[in-house]
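This note sets out a few points for a colleague who is beginning to read protein structures. Please keep the sequence and the model in view while going through them.

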Amino acid sequence: MFLFLFCFLSNLVPVLSWAMLTARNYARVWINGKYISWPRNNGKWNIAQNYTFEGHWKVMAVTILGIGLRWGFVASFSDGSVTSATSGWKCTGKLWWYQPQFPWSEVDFDDNHWPKADEFNDTKVDGIDRKAKWIGSRFGFSFMLCRRKF
(Lines give C-alpha, C1' and ligand atoms only; values in the text may rest on other atoms or scores of the structure.)
Protein backbone atom coordinates (compact mmCIF):
# COMPACT_ATOMS: atom_id res chain seq x y z
CA MET A 1 0.00 0.00 0.00
CA PHE A 2 2.77 2.42 0.93
CA LEU A 3 4.59 1.80 -2.38
CA PHE A 4 1.39 2.41 -4.35
CA LEU A 5 0.71 5.65 -2.45
CA PHE A 6 4.30 6.82 -2.95
CA CYS A 7 4.16 6.15 -6.71
CA PHE A 8 0.79 7.88 -6.99
CA LEU A 9 1.91 10.98 -5.08
CA SER A 10 5.27 11.20 -6.85
CA ASN A 11 3.41 11.49 -10.16
CA LEU A 12 1.54 14.52 -8.79
CA VAL A 13 4.72 16.41 -7.88
CA PRO A 14 5.80 18.59 -10.82
CA VAL A 15 9.25 17.90 -12.23
CA LEU A 16 11.41 20.96 -12.81
CA SER A 17 14.11 20.57 -15.43
CA TRP A 18 16.71 23.26 -16.01
CA ALA A 19 19.52 24.29 -18.32
CA MET A 20 22.32 26.76 -17.73
CA LEU A 21 23.03 28.18 -21.18
CA THR A 22 24.75 31.04 -22.91
CA ALA A 23 25.34 31.88 -26.54
CA ARG A 24 27.57 34.04 -28.59
CA ASN A 25 25.81 36.31 -29.32
CA TYR A 26 22.05 35.71 -28.92
CA ALA A 27 19.90 32.60 -28.47
CA ARG A 28 16.20 31.81 -28.48
CA VAL A 29 15.18 28.66 -26.62
CA TRP A 30 12.29 26.22 -27.18
CA ILE A 31 11.50 23.18 -25.04
CA ASN A 32 9.14 20.52 -26.41
CA GLY A 33 8.12 23.01 -29.11
CA LYS A 34 7.20 25.72 -26.59
CA TYR A 35 9.03 29.05 -26.89
CA ILE A 36 10.76 29.74 -23.58
CA SER A 37 12.84 32.89 -23.83
CA TRP A 38 14.93 35.43 -25.63
CA PRO A 39 18.16 35.98 -23.65
CA ARG A 40 18.23 38.40 -20.79
CA ASN A 41 22.02 38.76 -20.83
CA ASN A 42 22.08 41.36 -23.65
CA GLY A 43 24.41 39.27 -25.77
CA LYS A 44 27.08 38.87 -23.09
CA TRP A 45 28.39 35.39 -23.91
CA ASN A 46 30.23 35.03 -20.59
CA ILE A 47 27.05 35.22 -18.48
CA ALA A 48 25.10 31.96 -18.10
CA GLN A 49 21.32 32.03 -17.90
CA ASN A 50 19.01 29.58 -16.17
CA TYR A 51 16.14 28.21 -18.29
CA THR A 52 13.55 26.22 -16.31
CA PHE A 53 10.75 24.02 -17.58
CA GLU A 54 8.07 22.16 -15.66
CA GLY A 55 7.93 18.58 -16.89
CA HIS A 56 10.24 16.25 -18.75
CA TRP A 57 12.17 17.52 -21.74
CA LYS A 58 11.78 15.59 -24.95
CA VAL A 59 13.53 18.06 -27.22
CA MET A 60 15.34 21.36 -26.78
CA ALA A 61 15.77 23.67 -29.75
CA VAL A 62 18.01 26.73 -29.86
CA THR A 63 18.29 29.47 -32.48
CA ILE A 64 21.59 31.32 -32.37
CA LEU A 65 22.13 34.69 -34.00
CA GLY A 66 25.86 35.24 -34.26
CA ILE A 67 27.92 38.33 -34.79
CA GLY A 68 31.56 37.90 -35.74
CA LEU A 69 33.53 34.78 -36.56
CA ARG A 70 33.35 32.69 -33.38
CA TRP A 71 29.90 31.89 -32.16
CA GLY A 72 27.68 29.07 -30.93
CA PHE A 73 26.41 28.08 -27.51
CA VAL A 74 27.37 26.10 -24.40
CA ALA A 75 25.11 24.54 -21.78
CA SER A 76 24.73 22.05 -18.94
CA PHE A 77 21.47 20.38 -17.93
CA SER A 78 19.66 19.09 -14.85
CA ASP A 79 20.04 15.49 -16.08
CA GLY A 80 23.84 15.86 -15.85
CA SER A 81 24.44 16.14 -19.59
CA VAL A 82 26.45 18.90 -21.27
CA THR A 83 26.85 20.24 -24.78
CA SER A 84 29.49 18.47 -26.90
CA ALA A 85 29.90 17.02 -30.38
CA THR A 86 29.02 13.58 -28.98
CA SER A 87 26.01 14.50 -26.82
CA GLY A 88 23.33 14.17 -29.51
CA TRP A 89 23.10 17.82 -30.54
CA LYS A 90 22.50 18.58 -34.22
CA CYS A 91 23.07 21.99 -35.81
CA THR A 92 22.57 23.55 -39.20
CA GLY A 93 23.87 26.94 -40.25
CA LYS A 94 21.87 29.39 -42.31
CA LEU A 95 22.03 32.96 -43.53
CA TRP A 96 20.29 35.53 -41.34
CA TRP A 97 17.33 35.98 -43.71
CA TYR A 98 16.58 32.24 -43.72
CA GLN A 99 13.13 31.32 -42.44
CA PRO A 100 13.34 28.00 -40.55
CA GLN A 101 11.36 25.04 -41.79
CA PHE A 102 8.67 24.89 -39.16
CA PRO A 103 7.96 23.08 -36.96
CA TRP A 104 11.71 22.44 -36.49
CA SER A 105 11.43 23.02 -32.72
CA GLU A 106 8.62 20.47 -32.27
CA VAL A 107 9.19 17.06 -30.66
CA ASP A 108 8.23 15.03 -33.75
CA PHE A 109 10.27 17.04 -36.29
CA ASP A 110 12.49 14.72 -38.36
CA ASP A 111 16.07 15.90 -37.87
CA ASN A 112 17.71 12.75 -39.29
CA HIS A 113 19.20 14.75 -42.17
CA TRP A 114 20.78 17.36 -39.89
CA PRO A 115 24.53 17.09 -39.22
CA LYS A 116 25.79 16.54 -35.70
CA ALA A 117 27.04 19.62 -33.89
CA ASP A 118 30.66 20.70 -34.20
CA GLU A 119 32.76 21.62 -31.16
CA PHE A 120 34.50 24.96 -31.32
CA ASN A 121 36.36 25.52 -28.07
CA ASP A 122 36.24 24.86 -24.38
CA THR A 123 36.09 28.42 -23.03
CA LYS A 124 34.53 28.11 -19.58
CA VAL A 125 31.58 30.14 -18.31
CA ASP A 126 30.71 30.44 -14.62
CA GLY A 127 27.58 28.46 -13.75
CA ILE A 128 27.99 25.94 -16.59
CA ASP A 129 29.56 22.53 -15.99
CA ARG A 130 33.29 22.62 -16.82
CA LYS A 131 32.92 19.55 -19.09
CA ALA A 132 30.59 21.43 -21.47
CA LYS A 133 31.93 22.42 -24.90
CA TRP A 134 30.88 25.28 -27.17
CA ILE A 135 28.96 23.80 -30.11
CA GLY A 136 27.39 24.95 -33.35
CA SER A 137 27.68 24.39 -37.08
CA ARG A 138 30.91 24.92 -38.99
CA PHE A 139 28.64 25.96 -41.85
CA GLY A 140 27.00 28.66 -39.77
CA PHE A 141 26.87 32.07 -41.36
CA SER A 142 25.00 34.34 -38.99
CA PHE A 143 21.99 32.21 -38.06
CA MET A 144 22.10 28.69 -36.63
CA LEU A 145 19.46 26.15 -35.61
CA CYS A 146 20.41 23.47 -33.07
CA ARG A 147 18.31 20.76 -31.42
CA ARG A 148 18.65 17.71 -29.22
CA LYS A 149 16.27 14.92 -28.28
CA PHE A 150 16.52 13.92 -24.62
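1. The model is a predicted one. A convenient place to begin is the pairing of β2 with β3: the two strands run antiparallel and are joined by three bridges. Within this pairing, I31 stands opposite K34 of β3.

2. The hairpin of β2 and β3 has two residues between its strands. In this hairpin N32 adopts a positive phi, near 55 degrees.

3. Strand β3 covers residues 34-37, and Y35 is placed in it. Is Y35 to be called buried, partly exposed or exposed? Its relative accessibility is 38%, and therefore Y35 counts as partly exposed; the partly exposed class lies between the limits of 20% and 50%.

4. Y35 also belongs to a nonpolar patch on the surface, which it forms with W38 and L65. Together these residues have about 270 Å² of accessible area.

5. Turning to the interior, the largest nonpolar core has 22 residues. Those with the most contacts inside this core are L21, M60, V62, I64, F73 and W89. At least two residues of the core come from each of β1 (16-24), β2 (26-31), β4 (49-54), β5 (59-65), β6 (72-77) and β10 (143-149).

6. I64 deserves a separate remark. With its neighbours within four places in sequence left aside, I64 is in contact with residues including R24, Y26, A27, W71, F73, F143, M144 and C146.

7. Another core, of eight residues, lies apart from the largest one. Among its members are V74, V125, A132 and W134.

Note on methods:
Residues are numbered from 1 along each chain as its sequence is written. This is a predicted model: local features need pLDDT of at least 70, side-chain atom pairs count only at pLDDT 80 or more; totals for chains, interfaces and linings use all residues. Side-chain values use heavy atoms; hydrogens and water are left out. Patches are made of residues with over 30% relative accessible area and no salt bridge: like charges are joined within 9 Å, nonpolar side chains (Val, Leu, Ile, Met, Phe, Trp, Tyr) within 5 Å. Accessible areas come from the Shrake-Rupley method with a 1.4 Å probe; for residues, only the protein chains shown count as cover. A salt bridge is a side-chain nitrogen of Lys or Arg within 4 Å of a carboxyl oxygen of Asp or Glu. Helices (H or I, at least four residues) and strands (E, at least two) are DSSP runs, numbered from the N terminus. Buried means under 20% relative accessible area, exposed over 50%, partly exposed in between (1.4 Å probe, protein chains only). A nonpolar core is a set of buried Ala, Val, Leu, Ile, Met, Phe, Trp, Tyr and Cys residues joined through side-chain atoms within 4.5 Å. Contact means heavy atoms within 4.5 Å. Two strands pair if DSSP finds at least two bridges between them.
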